[in-house]
Amino acid sequence: MGVMNDNPKNEPLHYGEVVGIWAYVAANNGLISMYEAFVNHAGDKELIGVIEDSIKMMKSENTAVEKILKENGVTPPPALPSRGKASVEDIPTGARFSDQEIAAILGVNAGQGLVSCSQVMGQCSREDVAANFARFHADRATTGAKLLRLTKQKGWLVTPPLHQQKSS
């Protein structure tokens, strides 16, 4: 097996792993910036908690996999500057994202994150990289479940038409 029979951390990354990790970090960087703005727009305290937990989660994920990139001579994508704090009252109503809009965007991102994690896991030959993304997947599924529960409780969930079976 050559280079693939030792400690996984000593195995080289293949190009698919490099691109997958790099793109994941880049996407997280964009989401972190957007979610920091959402904290300023959101009014619901529980929603703000989910957003802040998501930011912490993505920053932690980035720290873990940026280390792998750097150990393999790959420069991670640059992080975006942190956003300042603003009061929701200072943002005009017409320019402000509503809590329902923010929750919907977070829900879509949660689903996309699950797909991204699965894609990276599926192409990995390094067990340590696959294990990281399996953990990320589980964390994002948990966050998505919290968000779903919150959107139902708040009446923010917009469903497609529901299929109701006709009784004969």
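**Exercises on a four-helix chain**

From the N terminus on, the chain's elements follow the order α-α-α-α. This is a predicted model, in which local features need pLDDT of at least 70 and side-chain atom pairs count only at pLDDT 80 or more, while totals for chains, interfaces and linings use all residues. Residues are numbered from 1 along each chain as its sequence is written, and side-chain values use heavy atoms, with hydrogens and water left out.

**Exercise 1.** State how many helices and strands the chain has.

Solution. Helices (H or I, at least four residues) and strands (E, at least two) are taken as DSSP runs, numbered from the N terminus. The count is four helices and zero strands.

**Exercise 2.** Describe the extent of the C-alpha trace and the burial of the chain.

Solution. Along its principal axes the trace spans about 60 × 55 × 20 Å. Buried means under 20% relative accessible area, exposed over 50%, partly exposed in between (1.4 Å probe, protein chains only). Of the 168 residues, 38% are buried.

**Exercise 3.** Find what share of the contacts between residues at least 6 apart in sequence joins residues at least 24 apart.

Solution. A contact means heavy atoms within 4.5 Å. The share is 77%.

**Exercise 4.** Explain why C117 and C124 form no disulfide with each other.

Solution. A disulfide is a pair of cysteine sulfur atoms within 2.5 Å. For C117, the closest cysteine sulfur is that of C124, 11 Å away, so the pair is too far apart for a bond. By this rule the count is zero disulfides. As for burial, C117 is buried at a relative accessible area of 0%, and C124 also counts as buried, at 18%.
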